[in-house]
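Dear colleague,

I am passing on the structure below, and after it you will find some notes on how its interior and its helices are arranged. Please read them with the coordinates open beside you.

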Amino acid sequence: MVRVRTEAKRDAILDTAVEVFKERGLDGASMSEIASRLGGSKATLYGYFPSKEELFVHVALRVAGKQIRGMYEDLEARATDDPQRVLTEFGKKLLHRVLAEDATTAHRLAVAHGRIGNLGRIFYDAGPGKAVEAFTRYIDAATKAGRLHAANPEVAAHHLLALLESEIAYRRSLQFGDAISASEIDQCVDRAVPVFLAAYAAPRTSDKAT
C-alpha cells in the first residue's frame, strides 16, 4: 500500500518535534519519542524526514522563520527612512536571531549533511536565501526612493548579508566553541552597516552638483 504524504501530516510532525527538541535538545531527543507523541510509527516519521538531524533543521527554520517573517515585511516598508538607522536596527535583530542556539545548530547540521536530501539547499532557501530576498526588495525600494544607489539590488543584498556576518561566519561554521555575546553582535553590525553604505548610499545633493 502506497503511503500518501500530506502537508497536514508534515505540519503535525514539525509541531510535535518542536516540543520534543525544546525539552530534550538535539542530543536528548529521539525519533521514537517524537513518533510516540505523534501517535504514529517511526516508519511514517522517516518517510517525511530521513534523519533526526534533517528534522531538527526543518524545525529550527520553522521557528526562526515565524519570528523573522514580520521583520522582513517591516524592512521594505521603511524604504524612505534613514538607511543607516534601518539597517542597523534590522541587522542587530537578524544577527541575534540567526546566532541563537537552535539556528546555529541547524546551520552546522546543514553544512555537515548538506548533500543528504538536498539539506544544504533547503537550509539556504529557507534561511539566508530569504534574507537576500528581503534585502533585495528593500534595497530596490530604497534606491527608487533616493535613499540608496544600487544598480543591482540583488548583488547589493548579498554584499550586505556578507558584511553583517563577516566577523562571525567562521566562528559559527568552524565551531570555535566560544559564545558570541550580545554586545559583540551589536558591534559587528555597527561596523558592517557603514561599510555597506560607503558603497551604496545615494550621493548627496552637493556630490551630484560637482
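**Cores and helix packing**

The largest nonpolar core (buried Ala, Val, Leu, Ile, Met, Phe, Trp, Tyr and Cys residues joined through side-chain atoms within 4.5 Å, where buried means under 20% relative accessible area with a 1.4 Å probe, protein chains only) has 38 residues, and those with the most contacts inside it are Leu94, Phe135, Tyr138, Ile139, Leu164 and Phe196. At least two residues of this core come from each of helix 4 (52–77), helix 5 (83–98), helix 8 (128–144), helix 9 (153–165) and helix 11 (182–200), helices being DSSP runs of H or I with at least four residues, numbered from the N terminus. A second, separate core holds 25 residues, among them Ala29, Phe49, Leu61 and Leu109.

This is a predicted model, in which local features need pLDDT of at least 70 and side-chain atom pairs count only at pLDDT 80 or more, while totals for chains, interfaces and linings use all residues. Residues are numbered from 1 along each chain as its sequence is written, and side-chain values use heavy atoms, with hydrogens and water left out.

Leaving aside residues up to four places away in sequence, Leu94 touches Ile68, Met71, Tyr72, Ala131, Phe135 and Leu161, a contact being heavy atoms within 4.5 Å. Ala64, for its part, is found in helix 4 and counts as buried because its relative accessibility is 12%.

The axes of helix 5 and helix 11 (lines fitted to C-alpha atoms over the stretch in contact, with angles from 0 to 180 degrees between N-to-C directions) come within 9 Å and cross at roughly 140°.

With regards

Note on methods:
Buried means under 20% relative accessible area, exposed over 50%, partly exposed in between (1.4 Å probe, protein chains only).
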